[in-house]
Structure formats: structure tokens, C-alpha cells
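Colleague: Thanks for making time for this one. Shall we go through it together?

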Amino acid sequence: MVRLLFLLVVLVAGIALGPLLAGHQGAVLIQTDNYDIKMSVTGLAISIALLVIVLFCLEWVLRRLFHTSARTKGWFIGRKSTRARRQTRAAMLKLAEGDFSQVEKLLTRNADHAEQPVVNYLLAAEAAQQNGDSQRINDYLNRAAELADTDQLPVDITRVRIQLAQGEYHAARHGVDDLLNDAPRHPEVLRLAQQAYLKTGGYASLLEIIPSIEKVKLYDEDTMESLKLEAYTGLMAQAMSEGGSEGLSQWWKDQPRKVRNSRALQIALAEHFIDCDDHEQAQKIVLDSLRHQYDDRLILLIQRLQTGNPAPLEKELRLQIQERGATPLLSETLGQLLMQHGEWEQACDALKQAIEQQPNARDYALLADALDKLNRTQEASQARCQGLALTLK
């Protein structure tokens, strides 16, 4: 700008001094409707130069004025940003202390001037949830959504997490359905979807996302097996609720071979048949499973069965005892089964065998009942005393 002004001064000086040195300055006439302005060329050049200088000075003054205003504004903004950083750090400490009221206040005082205002509002929403204020939760989430612009994923995840914490399970399920469309492999989205589906009985939807949960390695192998079992058990309960024993049987037939070969699911299925009072189907499942592979859980189910055809169960128990030896569980179960059908002498032998290996008050009580049926009251009384002594210990 200074160089330009210098060149302008030189140019004007040339225009003014040229005619003077040449001895004739010339004339300029400017006519309007009401005025006639006449001046020399030198005077015109000097007038233009003065006008340019005045404009230049005015521009300099205005620039300095606005620059000072911008610096003042920047100072205020910087002060608020510094305060926001300080309050955010203090909020993190209060969060560690569990003082959610202070967390909410500190995070929102200068949230718009924080380094990550969206994070401040989202954390404030979770703190407000701990304080039980639904209105402020919505206010903070809406403000975070405005600031997040196109990156709405953190806001939506926080919203669903808060809905689950507040027991709004169906709203959360609707939210995770949308989230899975946008981020189907996001670990937190999958974790929230799992919770929402379990809370709302969406077991089929849960099974659909289990492969994705396995791929992101959200849980270890044992937890994944438990999750699958919970999902299939939920589907069994739904099939039983809708169609009873027949509905449960049809659902099981429709499952792939891999599912039907699962030992844990076979046990769960037998338990559901017992719950629907279909002991014959439950007995069939227990026997088929035992013939393929022994499992203590199947033996415990035998104790709950009440069928009119105990012979296959008795035969299978004796076969297991022959192959594995007379374990306390097998002997106890055989004794109970024999008692159910009035075979008191054999029941006493089986229960005594179980007591010899692992004495417990329950078996002593069963033995005493069987001895009473055989009119061996003295032995029954002695068995009850021994069981009572174990109970007191």
C-alpha cells in the first residue's frame, strides 16, 4: 500500500509539474445543470491526489478499528475456551468421584467453547440420566445432535445407552435397528443391540447378529456359548408359549442339524417339555442324549420325569452304572426312580450305595421313607437321625 501511494504521488507530481515547466498548464471545464467548474490541469491532479490520500487515511483508520475489535473478540473467546477446558478437567474428576450433579454443571457451563463440545453434551446427558432428569437429557442430546452435524453415530449410541439405562427397551430396540444399518460391525452398537434384543425378547434378531459379535471378538468363547444358549432358550420359551408342546416339537424339527446336536440345547429342550407337562417327549430326548454322550445334567433331569413307562430309564441307569461305576448321582437317581414305582427293596439298596459314597441328608430322608414302606421302622428312625446329624453339621 505504501508503494502504491508513493507511485501515485510521483504520478501526480509529474502531471502537475510538467505543464508548469512547459509554460502552459491547460484548463479543465466540468459542467453540470447548475454549476460550471473550471480549473487548470495541475489543480485537477492535486485535487485527485488529495482525495486519494483522504480515502487511504480513512481506510487505515477503519482497518485499525476493526482489527482491534477482532482482537478483543478473540480475547473473550480464548478466555471462554480456557475456562471450558478447566471446567471439563474438573468434571472428569467429579465423574470419578460419582458426583453426577457437579459433572453435569461443569460440562455444560461453557460447553460450546470446549475443544469437543459434542463430547461435553453427551457426557452431560449421561450424567443427567444418573440424576433422573429426562428433560435435560433430551436438551443435551438435541444440542449434541446440532453440533455433530453429519457425524450422528456417537449421539445415537448415547441415546440408546440412556434408553436402556432408563428401561425404555422398545425405544432402544428401535434405535439399535437403525444403528445396525449404519454401523453393523461397531462393537458398542453390537453390545447395545444384544442388550435391547434380550430385554424385548428379540431372540431371532439376536441370533442374526451373533456372527458379527464373534467377528469383532466382543466376548470370549464361553460367553458366546452362553449367549447362544440364552437366545435359543428364549426361542424355545416363545414356541412353547405360542403352541405348547406341539409348537415346541415343530420348532425343534425346523432347526438345523448343528443346533439339534447341541447337548446344552437338548437339555434345555427337555426342561421345556417337562415345563409343558410333556414328560414322554422329555424322556425320549434324555434317553437319546444319554445314549450318545453321558452328562450329569441329563441324570438330574431323570429325577424330574414322571412317566408311565419307567423301564427304559431304569435300564439306561443300570447300563450307565455298569459302564461308569456306581456314582453317587447315578445311585441316588436310580433309587428315586425305583421309589416312584414302589420297588422299595431295590430303592433301599441303591440309596444305601449312594450314601456310602457321599452321605447327604436328602438321601437319608429318602432311605427312611423307603424303609418305612418295608415296615422297617427302627432302621428308618436310625436313617432319619443320621440325616438330621448331617443337617446340623
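Modeller: Happy to. One cut-off first: buried means under 20% relative accessible area, exposed means over 50%, and partly exposed lies in between. Please keep in mind that this is a predicted model.

Colleague: Good, let's use that cut-off straight away. Is Asp295 buried or exposed?

Modeller: The limit for the buried class is under 20% relative accessible area. Asp295 has a relative accessible area of 14%, so Asp295 is buried.

Colleague: Which residue forms a salt bridge with Asp295?

Modeller: Side chains of opposite charge can pair when their charged atoms come close. Here the closest N and O atoms are 2.9 Å apart, inside the 4 Å limit for a salt bridge. The partner has 42% relative accessibility and therefore counts as partly exposed. That partner is Arg297.

Colleague: Arg263 also caught my eye. How far away is its nearest side chain of opposite charge?

Modeller: Arg263 sits in helix 12, residues 263-275, and is buried yet has no salt bridge. A salt bridge needs a nitrogen within 4 Å of a carboxyl oxygen. The nearest side chain of opposite charge to Arg263 belongs to Asp295, and the distance is 4.6 Å.

Colleague: Which backbone oxygen does the side chain of Arg263 reach, then?

Modeller: Leaving out residues up to four places away in sequence, Arg263 touches Ser289, His292, Gln293, Tyr294, Asp295, Arg297 and Leu298. Both members of the Arg297 and Asp295 salt bridge are in that list. For the backbone oxygen, the distance from the Arg263 side chain is 3.1 Å, and the residue is Ser289.

Colleague: Moving along the chain, how many residues apart are Arg318 and Glu314?

Modeller: These two form a salt bridge, with the closest N and O atoms 3.3 Å apart. Arg318 counts as partly exposed at 36% relative accessibility, while Glu314 counts as buried at 17%. Both belong to helix 15 (residues 311-324), where they are separated by about one helical turn because they are 4 residues apart.

Colleague: Which residue does Arg376 meet in a salt bridge?

Modeller: The N to O distance is 3.3 Å in the salt bridge between Arg376 and Glu345. This pair links distant parts of the chain, 31 residues apart: Arg376 is in the loop between helix 18 (361-373) and helix 19 (377-392), and its partner is in helix 17 (residues 344-357). Arg376 counts as partly exposed at 22% relative accessibility, and the partner counts as partly exposed at 41%. The residue you asked for is Glu345.

Colleague: How many salt bridges does a search of the whole structure find?

Modeller: Besides the pairs we discussed, Glu126, Arg161, Glu188 and Arg191 are linked in a network of salt bridges. The search of the whole structure gives a total of 18.

Colleague: Which residues does Asn120 touch?

Modeller: Asn120 lies in helix 4, residues 117-131. With a relative accessible area of 5%, Asn120 is buried. Setting aside residues up to four places away in sequence, its contacts are Thr88, Leu107, Ala111 and Ala114.

Colleague: Now backbone angles. What is the phi of Asp277?

Modeller: Asp277 is in the loop between helix 12 and helix 13 (279-292), and at 58% relative accessibility Asp277 counts as exposed. Asp149 also has a positive phi, near 60°; this residue is in the loop between helix 5 (134-148) and helix 6 (153-165), and counts as exposed at 57%. Asp277 is not a glycine either, and its positive phi is about 65°.

Colleague: What does the UniProt record say about residues 328-361?

Modeller: The model has that span as 82% helix and 0% strand, with its end C-alpha atoms 13 Å apart. The unreviewed UniProt entry annotates residues 328-361 as "repeat: TPR".

Colleague: Last one: which element has the lowest mean pLDDT?

Modeller: The protein chain has 19 helices and 2 strands, and its mean pLDDT is 84, with 84% of residues at 70 or more. Where pLDDT is low, the predicted coordinates should not be read in detail. Helix 8 (residues 187-200) has the highest mean, 95, whereas the lowest, 60, belongs to helix 1 (residues 2-22).

Technical notes. Residues numbered from 1 in each chain as written. Predicted model: local features only at pLDDT ≥ 70, side-chain atom pairs only at ≥ 80, totals over all residues. Heavy atoms only, no water. UniProt positions renumbered as here; feature names shortened; annotations may be inferred. pLDDT = per-residue confidence, 0-100. Buried < 20%, exposed > 50% of the residue type's maximum accessible area, 1.4 Å probe, protein only. Lys, Arg positive; Asp, Glu negative; His and termini not counted. Polar contact = N/O pair within 3.5 Å; in protein donor to acceptor, adjacent residues only side chain to side chain. Contact = heavy atoms within 4.5 Å.
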